[in-house]
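Here is a short report on one structure. Read it with the model open beside you.

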Amino acid sequence: MQLPPPRGPLSAWLNDRLTGGDNAQPAVPVRASDEPFADGDLQLALWVAYELQYRGFDGVDPDFQWDPEIIAFRARLERPWIDWLEAGFRVRPDDAPVAKQLRALIDADDGPRLAPYLRRHATREQFRDFILNRSVYQLKEADPHSFGIPRLDGAAKAALVEIEADEYGGGRHERMHSELFRTTMRWLGLDDSYGHYVPEVPAVTLAVSNVMSLFAVHRRWTGALLGHLAALEMTSTLPNRHYAAGAIRLGASEAEARYFTEHVEADAVHEQIAAHDLCGNYVEQYPHALPDVLFGARCSLAVDNLFAHQLLGTWKTRARRPRTAAV
Ligand SMILES: [Fe+2]
Ligand SMILES: [Fe+2]
């Protein structure tokens with residue numbers, strides 16, 4: 001993919017560095033932010049810095065993955081982001097089994113009702129907008145959580161591999177979840193190439209990916225990465241049933257809605273594996289990691305809620321705006 005155009009001084013500095021610009025320029029300072037999830041420059045710079053750990057960019061030297069100046073810059077970008085997550089979404093653990101604590105967090109979560117809206121009311125344009133935004137993560141679905149595999153042992157490792165094997169289609173390319181998602185994108189006339197919509201999505205869409213990548217690339221955040229995955233899997237079945245019904249209502253074929261129907265079935269199993277076999281075994285092995293597991297789950301729920309809030313808000317604003325006559 002091409003480097004996305006910068007959105008401010010942070011992403012501009014990084015682009016300049018990656019394309020061999022004037023390296024003598026010191027990195028610009030990163031300011032504290034009350035709402036780092038809504039800061040387009042910060043989130044894009046983080047997204048680009050993390051992407052160096054995934055597939056990189058056309059024309060950018062792969063050795064920049066470990067460029068000390070970029071790693072140091074990324075650490076500065078992460079500071080306000082981590083501080084904000086820590087301040088808002090730390091959870092006090094109790095003595096119950098981790099699966100039960102995860103379930104309690106999810107049951108207590110009261111986010112915007114994006115999925116029922118998509119099922120019953122969304123126009124094709126709104127559904128397209130939803131899929132366009134989701135493509136930033138879904139085209140690399142499961143990749144962030146796969147960073148956890150080499151960091152685990154025993155039963156927890158086996159559980160994560162079992163989930164990820166399904167996400168990657170059990171060895172069948174056409175069944176990979178990212179490929180099923182591509183079929184849905186093509187139904188809506190969207191470009192299904194990796195990262196295509198990064199330049200146009202809002203900051204919070206990038207934040208959805210960046211919270212996963214933060215937990216993925218740092219071994220220190222392995223517990224949070226597993227909790228994040230558990231929350232994704234445990235909140236997937238019902239929304240995907242809604243998305244599937246919405247897609248069919250808007251004219252999708254069975255194949256075009258398969259991404260969603262596949263998740264209704266697969267995630268009913270994955271949520272059990274993630275909560276019990278993955279997080280349960282991990283916390284048994286590393287009891288001190290329990291707070292991080294819950295933190296990761298809560299971050300997943302919170303950032304997803306902000307994403308839903310943003311989309312619904314955008315649609316409401318557009319609906320209110322009077323239509324101007326075509327000239
Ligand atoms: Fe999936
Ligand atoms: Fe899953």
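Helices (H or I, at least four residues) and strands (E, at least two) are DSSP runs, numbered from the N terminus. This is a predicted model, in which local features need pLDDT of at least 70 and side-chain atom pairs count only at pLDDT 80 or more, while totals for chains, interfaces and linings use all residues. Residues are numbered from 1 along each chain as its sequence is written, chains are lettered from A and ligands numbered from 1 in the order in which they are written, and side-chain values use heavy atoms, with hydrogens and water left out.

**A loop residue with positive phi**

Alanine 142 sits in the loop between helix 6 and helix 7 (143-146). Its phi is positive, about 80°, although alanine 142 is not a glycine. Most residues other than glycine have a negative phi. Alanine 142 counts as buried, because its relative accessibility is 3%. Buried means under 20% relative accessible area, exposed over 50%, and partly exposed in between (1.4 Å probe, protein chains only).

Helix 6 is itself mostly covered: twelve of its 15 residues are buried. Among them are Phe127, Phe130, Ile131, Leu132, Arg134 and Tyr137.

**The iron site**

Which residues coordinate the iron ion (ligand 2)? The donors come from Glu167 (OE), Glu233 (OE), Glu233 (OE), Asp267 (OD) and His270 (ND1), at 2.1 to 2.6 Å. Donors here are N, O and S atoms within 2.8 Å of the metal (3.2 Å for Na, K and Ca); water is not among the atoms, so sites may look incomplete. Along the sequence, the donor residues of this iron ion (ligand 2) follow the spacing E-x65-E-x33-D-x2-H. Glutamate 167 bridges the iron ion (ligand 2) and the iron ion (ligand 1). The two ions lie 4.0 Å apart.

Glutamate 233 belongs to helix 11 (residues 222-234) and aspartate 267 to helix 13 (residues 258-285), so this pair ties together parts that are 34 residues apart in sequence. Both glutamate 233 and aspartate 267 are buried.

Alanine 268 also lies in helix 13. Alanine 268 counts as partly exposed, because its relative accessibility is 39%. Its C-alpha is 9.5 Å from that of threonine 235, and the two are 33 residues apart in sequence.

Aspartate 292 is placed in helix 14 (residues 290-320). At 12% relative accessibility, aspartate 292 counts as buried. Aspartate 292 and histidine 228 are 64 residues apart in sequence, yet 9.7 Å apart in space, C-alpha to C-alpha.

**Aromatic pairs**

The structure holds 18 aromatic pairs. Rings of Phe, Tyr and Trp (its six-membered ring) pair if their centres lie within 6.5 Å; planes under 30 degrees apart count as stacked, over 60 as edge-to-face and the rest as tilted. Two of the pairs are set out below.

| Pair | Centre to centre | Angle between planes | Class |
|---|---|---|---|
| Phenylalanine 127 and tryptophan 187 | 6.0 Å | 65° | edge-to-face |
| Phenylalanine 215 and tryptophan 221 | 5.7 Å | 50° | tilted |

The edge-to-face pair links distant parts of the chain. Phenylalanine 127 is in helix 6 (residues 124-138) and tryptophan 187 in helix 9 (residues 177-187), 60 residues apart. Phenylalanine 127 is buried at 0% relative accessibility, and tryptophan 187 is buried at 10%. In the tilted pair, phenylalanine 215 is buried at 0% and tryptophan 221 at 4%.

Ring pairs also build a cluster from Phe127, Phe130, Phe181, Trp187, Tyr243, Tyr259 and Phe260.

**Charges over rings**

A charge sits over a ring if NZ of Lys or CZ of Arg is within 6 Å of the ring centre and within 35 degrees of the ring normal. The charged end of arginine 90 sits over the ring of phenylalanine 295, 4.3 Å from its centre. Lysine 140 lies over the face of tyrosine 54, 3.8 Å from the ring centre.

**Helix packing**

Axes are lines fitted to C-alpha atoms, for helices over the stretch in contact, and angles run from 0 to 180 degrees between N-to-C directions. Helix 4 (residues 98-108) packs with helix 11 at an angle of about 60°, their axes 11 Å apart. Helix 4 and helix 11 are therefore oblique to each other. Angles under 35 degrees count as roughly parallel, over 145 as roughly antiparallel, 65 to 115 as roughly perpendicular and the rest as oblique.

The axes of helix 2 (residues 40-51) and helix 10 (residues 203-217) come within 9 Å and cross at roughly 40°. That makes helix 2 oblique to helix 10.
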